[in-house]
Amino acid sequence: MLDQPAFGRRLRQLRQQQNKTQSDLTGPGMSATYLSRLESGARRPTDRAVAYLAERLGVPVDTFSEQADDNVADVIVDMEVLSPGDLTRERNQRLHDALASADEIDPMTRWHGLAQLARNHQALGEFTEESLVLQDLVTLSDELGRPVLQVSTRVKLARSLRGLGAMKEAREAAEQALRIGKDLRACANDVLRGKLVLASAEAELGELGRAAELSAEACAMLQDKNGSLRAEAYWTASSVAARQGNHSHAFDLLLKALDAVDSRDNLQLWIRLRIIAVVRSIEAGKHSEAQSFLDSVEPVLHLVGSPRQAEEVLYLRAKLAFHQGDLETATTLSSLIENDGELLSHRDRLRFKALKDLLALRSGDKRALPRLKELAAEAQAESSLDLAAEIWRSIAEAAFAAD
């Protein structure tokens with residue numbers, strides 16, 4: 001009755017039902033490490049541990065042997081109606097546990113549950129976890145033999161891998177999606193999204209000609225349409241132009257993306273595009289436009305934004321202050337970003353580290369220069385030649401300013 005991992009799932013459920021943290025249950029004879037291993041299923045509970053936990057939770061010992069009452073379908077529905085601000089790691093763990101403990105479940109219900117779990121991980125900034133769930137989702141889609149699902153999940157996986165900086169793997173997933181969906185009219189939009197992910201991955205890998213060709217094809221196909229897909233197409237084309245160093249054209253393409261979608265149609269994409277617009281404005285030297293985009297998006301973030309978006313905006317505020325010569329504000333804002341910007345995308349995390357080292361270099365910290373050179377070498381090793389060039393250029397500009 002107290003075998004793992006069933007005991008760990010039941011213990012976590014009882015604790016969360018009482019809104020208790022793991023710290024609330026620790027004490028003499030129950031360390032935080034041991035409790036964590038019990039909940040994860042890594043350790044089998046002793047009779048003494050069970051008695052202790054039952055006392056702390058105020059429940060009979062037999063309660064631990066009762067079956068958890070979470071219905072997977074109900075949990076999925078609960079998750080779907082949550083606003084981004086109400087999503088927590090504890091609530092997402094409930095979905096994870098419900099899926100893990102359901103021995104008999106309709107495959108399509110499991111598919112929807114895994115898809116929701118992946119979306120939750122993304123919203124919480126848990127990108128490695130998102131990628132792992134999406135890989136399970138690809139496997140399940142293949143087992144179901146549903147081409148539409150096979151294409152959709154591979155496009156999502158390609159996007160996730162791109163965000164983690166795994167560009168070759170992202171390219172492979174996108175190419176698989178395109179091969180499967182080549183002649184399927186039912187997933188034409190997902191095929192087009194796959195083409196856009198492939199374009200951005202090719203750009204990251206230095207294949208700028210191929211990337212430009214793919215993004216131009218997508219924009220041409222959507223020229224007479226509005227909506228999210230057209231916005232994504234121009235967003236991708238803008239990113240490719242930026243990689244090519246044509247920042248003025250990249251800014252103009254991004255404006256077309258902004259025109260294609262309304263906040264009432266897709267608020268999350270509306271937010272995302274304005275964050276990207278800040279980036280394009282800074283790259284094009286349009287600092288007043290960058291500030292205007294920041295001012296328009298920040299109030300909305302307080303209502304419906306994700307932790308990742310909030311961190312991106314904070315980083316961009318610091319970056320804008322740096323480019324405007326306000327080093328004190330840039331340093332203050334950078335210090336508010338914790339854990340080296342772990343919520344940022346891989347490229348932005350490298351840029352954030354470079355920004356911190358540039359600020360340190362400007363303040364006279366000579367140790368920052370070797371760190372910057374290491375970042376440039378890391379970007380170059382990943383074939384992100386434009387990013388490497390950007391860091392080297394920043395090093396030269398900082399040296400010139402110091403002289």
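On one side of helix 12 in this predicted model, you'll find G209, A220 and M221 sitting exposed, each with over 50% relative accessible area. Turn to the other side and the picture flips: A211, L214, S215, A218 and C219 are buried, meaning under 20% by that yardstick. Looking down the axis of helix 12, those buried residues fall within an arc of 135 degrees, so they line one face of the helix.

What do the buried residues of helix 12 pack against? Their partners are helix 11, spanning 188–204, and helix 13. As for its own build, helix 12 covers residues 208–221, which makes 14 residues. From first C-alpha to last it reaches 20 Å, close to the 20 Å expected at 1.5 Å a residue.

Now follow helix 13 (228–243) onward, since it also helps to line the second largest pocket. Helix 15 (267–283), helix 17 (307–323), helix 19 (346–362) and helix 21 (385–402) join in, and each of these five supplies at least two residues of the lining. Which helix gives the largest share? That's helix 21, with 8 residues.

The second largest pocket holds about 510 Å³ of space. Its lining is made up of 24 residues, and the closest to the pocket's centre are K319, H323, E390, R393 and S394. How does the lining divide by residue type? There are 10 nonpolar residues, 10 charged ones and 4 polar ones.

Conventions:
Residues numbered from 1 in each chain as written. Predicted model: local features only at pLDDT ≥ 70, side-chain atom pairs only at ≥ 80, totals over all residues. Heavy atoms only, no water. 1 Å grid on protein atoms, 1.4 Å probe; cavity = no way out; pocket = protein on both sides within 12 Å on 5 of 7 lines; lining within 4 Å. Points joined across faces, edges and corners; volume = space filled by probe spheres on them. Helix = DSSP H or I, 4+ residues; strand = E, 2+ residues; numbered from the N terminus. Nonpolar A, V, L, I, M, F, W, Y, C, P; charged D, E, K, R; others polar. Expected span 1.5 Å × (residues − 1). Buried < 20%, exposed > 50% of the residue type's maximum accessible area, 1.4 Å probe, protein only. Arc of directions from axis to C-beta. Contact = heavy atoms within 4.5 Å.
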